[in-house]
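Here are a few exercises to work through with the structure open beside you. Try each task before reading its solution.

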Amino acid sequence: MEEQKQQPQEIKAVSEVSLVITSPLDLLFNPRSVAIIGATPRENSVGGVITKNLLTKFKGKVYLINPKYDEVNGIKYYKSILDIQDSIDLAVIVVPAPAVPKVADECARKGVKVTIIISGGFSEVGEEGAKLEEELRRVVQNRIRVLGPNCIGVYNAFNGLDTFFLPEDRMGRPKPGPPVALISQSGAVAGAILDWAARRNIGVGLAVNYGNKLDINEAELLEYFARDSRVKVIVMYMEGLKYPGGEGKKLLEVMKEVSSVKPIVVYKAGRTKAATGAVKSHTAALAGNYEIYRAMLKQANVIEADNLTDAFDMAKALATQPLPRGGNRVLVITDSGGMGIQSVDALDMRGLQVPELSESLQEILRKQLPPLAVTRNPIDLTGSATDAMYKFVLDTVLPTSYVDMALIIALMQIPGLTANLGNYIIEAKRFNKPIVVVSFGGNEYVAKFESHLEENGIPVYHAPHRAAKRCGRCMSTQK
Amino acid sequence: MRGGMNPIITKALEEGRYKLLEHESFELLRQYNIPVPDFALVQDVNEALKVVKDIGYPVVLKVVSPDIIHKSDVGGVILNISNDDDLRSACERIRNNIKEKAPPYARISGFLVQRMVPEGLETIIGATKDPIFGHVIAFGLGGVMVEVLQDVSFRIVPITEEDARAMVREIKGYRLFNGYRNMPVRDEEAVIYIITKFSELLSDNPNIVEADLNPVIVLERGKGAYAADARFIIGSV
């Protein structure tokens with residue numbers, strides 16, 4: 001009786017799992033078991049770093065394959081993936097290029113649905129390599145999905161899946177949240193971004209590099225991240241598409257769809273004629289006409305970044321801030337008249353308004369603020385500003401229908417400002433309007449103030465024009 | 001999406017031509033409801049005098065030849081013809097000009113009698129075919145603005161009405177649409193319509209590798225816009 005009772009539950013559980021984890025892309029990011037073909041105990045090799053990463057961090061089963069070893073440090077090595085009894089969700093291939101078609105074939109015979117081919121030495125190195133890539137294509141076609149070759153694969157902070165073969169002391173690993181996913185055409189750029197993000201406490205939960213793009217492409221990865229509820233913003237680094245006949249249109253179509261669900265921020269490198277040659281030898285892609293890429297991004301309602309830091313600046317704001325609900329009017333609060341003017345300039349250049357507040361609203365402000373304060377907007381609290389004045393202005397003006405977002409300048413060098421200001425700004429999130437903060441300075445106190453805000457979902461920028469740009473870009477994603 | 005190759009393009013390819021003739025280009029645009037000035041292809045003066053009764057003066061007379069690329073350079077275009085006498089002499093003049101300036105092998109398919117479009121804001125709507133993205137449409141103001149200032153916007157086909165509107169408003173010269181000094185407000189919606197129809201035309205005809213509607217003359221609001229000249233380069237895809 002006991003057994004009979006349990007059975008239906010078990011079936012339900014299985015069917016639930018199979019519903020969630022059916023597509024090869026799901027298995028690529030969320031495998032339950034991973035086989036490393038070309039695993040090795042030699043720590044400073046590519047295979048060695050991946051082996052160590054997965055053995056120490058991956059929350060799932062890891063199988064090591066290398067005919068050279070039987071057992072190292074009590075861990076079994078298999079001769080071939082075909083010798084493994086259990087089923088394998090994902091195979092990571094790190095063997096020299098000429099051996100790749102053979103092991104990929106074995107993976108397909110084993111019934112593995114998806115593989116990451118880390119190995120380089122294919123179309124990116126010339127004609128011989130291109131031939132090998134074609135051979136590989138014939139082996140895998142309609143049998144097993146491929147990420148790569150010539151890629152650094154997948155980083156998943158949630159389950160510890162990490163094929164980035166850059167040692168931990170060289171490349172820091174970011175935390176999972178806030179929920180940004182990265183799709184990078186360049187492996188090294190992906191590695192550098194993760195290191196940079198880890199250092200700055202910017203969360204990148206998922207990252208992927210697709211290398212030569214024999215099979216899985218940007219469009220499919222975008223579609224996957226659109227479905228993944230852990231991801232709120234997608235950042236993409238791209239150099240160029242490579243396949244004639246529809247690849248561009250498909251990407252445009254998918255970007256259009258995905259950007260209606262989640263913001264996408266793209267940095268397209270290879271903008272100039274001078275760079276097109278470099279792109280070609282890098283990932284065997286044509287940089288193409290930058291104007292056309294720009295057109296694609298505009299048409300797809302995708303945010304274009306000017307460089308990588310810019311991309312993450314925006315991702316940060318998009319991941320933490322509510323989108324303005326139809327409006328471009330900014331409340332500017334400052335303790336420096338000069339910074340206030342710079343902000344108005346920068347906002348105006350991006351088509352945002354800093355509306356003069358109504359006389360009645362200014363009257364309310366004047367009653368509480370010192371006589372020297374300027375109440376038109378920007379609200380200049382001057383050098384005698386205090387935490388309480390900022391709070392008063394925020395609580396009085398931000399909830400009204402006159403403004404859609406706030407840009408707060410807080411030069412913390414002023415004695416009247418303390419750590420409490422951070423709390424007041426964080427509390428103002430309850431008005432459900434975007435808030436960005438400009439802070440500038442070098443002392444420990446300033447650094448603490450900034451990280452306190454950032455940890456609580458208020459993006460901080462070190463210059464008015466960067467903050468203003470974020471206000472503008474955030475606004476332009478709403479439609 | 002219409003099935004099969006457009007007969008105009010089929011005919012040109014069969015005749016080994018990679019450029020549509022003037023009247024073929026206009027005919028193709030007409031099929032997509034893109035406004036073109038009233039026109040007719042004629043063989044001689046008598047025919048010209050007959051068709052002009054329907055078209056109405058003033059007209060332009062152009063030589064139509066697969067072998068003459070720059071018609072104006074050989075005196076193959078005469079503008080602003082406003083009566084029968086002028087039309088007669090224009091025919092004569094073009095014939096003489098061709099004899100003098102065009103290569104002797106130049107075949108003459110006929111003459112195009114085309115209604116003059118009134119003056120307006122001159123714009124250019126162009127298209128190329130990119131190997132990765134397919135057809136891409138460019139929009140800009142005529143003359144110096146496109147060539148020197150590169151004040152052009154691009155979008156990838158298919159283009160929605162919303163895309164087309166963004167395209168028109170994106171160029172720096174857009175202010176000219178809203179009336180500047182004593183110039184009237186222009187018919188922006190008519191241009192947007194032409195861009196979306198042009199996108200449709202390109203989607204249906206993958207053989208088009210390059211196209212230029214130059215100029216597209218935009219009249220004041222409510223009066224429309226016309227493709228006053230069109231050039232299509234085709235290839236066997």
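**Exercise 1.** Find out in which sense β13 and β14 of chain A pair, and place the two strands in their sheet.

*Solution.* Keep in mind that this is a predicted model.
- Start with the pair: strand β13 (residues 264–268) of chain A runs parallel to β14(A), and two bridges join them.
- Pick out a bridge: A:Val266 has A:Glu304, in β14(A), as its partner.
- Now zoom out. The sheet is open, has seven strands with mixed pairing, and follows the order β9-β8-β11-β10-β12-β13-β14 in chain A.
- Look at the ends: β9 (161–162) and β14 (303–304) of chain A are the edge strands, each pairing on one side only.
- Finally, see what packs on this sheet: helix α11 (residues 308–320) of chain A touches β10 (180–184), β12 (233–238), β13 and β14 of chain A. The direction of α11(A) makes about 170° with that of β12(A).

**Exercise 2.** Sort the residues of β10 in chain B by face, and find how β10(B) pairs with β8(B).

*Solution.*
- A handy rule first: side chains in a regular strand alternate between the two faces of the sheet.
- In strand β10 (residues 230–234) of chain B, the covered face holds B:Ala230, B:Phe232 and B:Ile234. The uncovered face holds B:Arg231 and B:Ile233.
- As for pairing, strand β8 (residues 208–218) of chain B is antiparallel to β10(B), over five bridges.
- One bridge to look up links B:Ala211 to B:Phe232 of β10(B).

**Exercise 3.** Does the radius of gyration of chain B agree or disagree with that of a compact globule?

*Solution.*
- For 237 residues, a compact globule would come out near 18 Å.
- Chain B has 18 Å, so the two agree.
- For the overall dimensions, the C-alpha trace of chain B spans about 50 × 45 × 35 Å along its principal axes.
- Burial adds to the picture: 40% of the 237 residues of chain B count as buried.

**Exercise 4.** Decide whether B:Leu79 is buried, partly exposed or exposed.

*Solution.*
- Locate B:Leu79 in strand β3 (residues 77–81) of chain B.
- B:Leu79 has 13 C-beta neighbours inside 10 Å, so it counts as partly exposed.

**Exercise 5.** Describe the side of chain B that touches chain A.

*Solution.*
- Count first: eleven residues of chain B contact 15 residues of chain A.
- The elements of chain B giving two or more residues are β6 (134–141), β7 (152–156) and α6 (161–170). β7(B) gives the most, with three residues.
- By class, this side of chain B has seven nonpolar, one polar and three charged residues.

Technical notes. Residues numbered from 1 in each chain as written. Chains lettered and ligands numbered in written order. Predicted model: local features only at pLDDT ≥ 70, side-chain atom pairs only at ≥ 80, totals over all residues. Contact = placed C-beta atoms within 7 Å. Helix = DSSP H or I, 4+ residues; strand = E, 2+ residues; numbered from the N terminus. Nonpolar A, V, L, I, M, F, W, Y, C, P; charged D, E, K, R; others polar. Rg over C-alpha atoms; globule rule 2.2 N^0.38 Å. Buried ≥ 20, exposed ≤ 12 C-beta atoms within 10 Å, placed from the backbone. Pairing = 2+ DSSP bridges. Axes fitted to C-alpha atoms, helices over the stretch in contact; angles between N-to-C directions.
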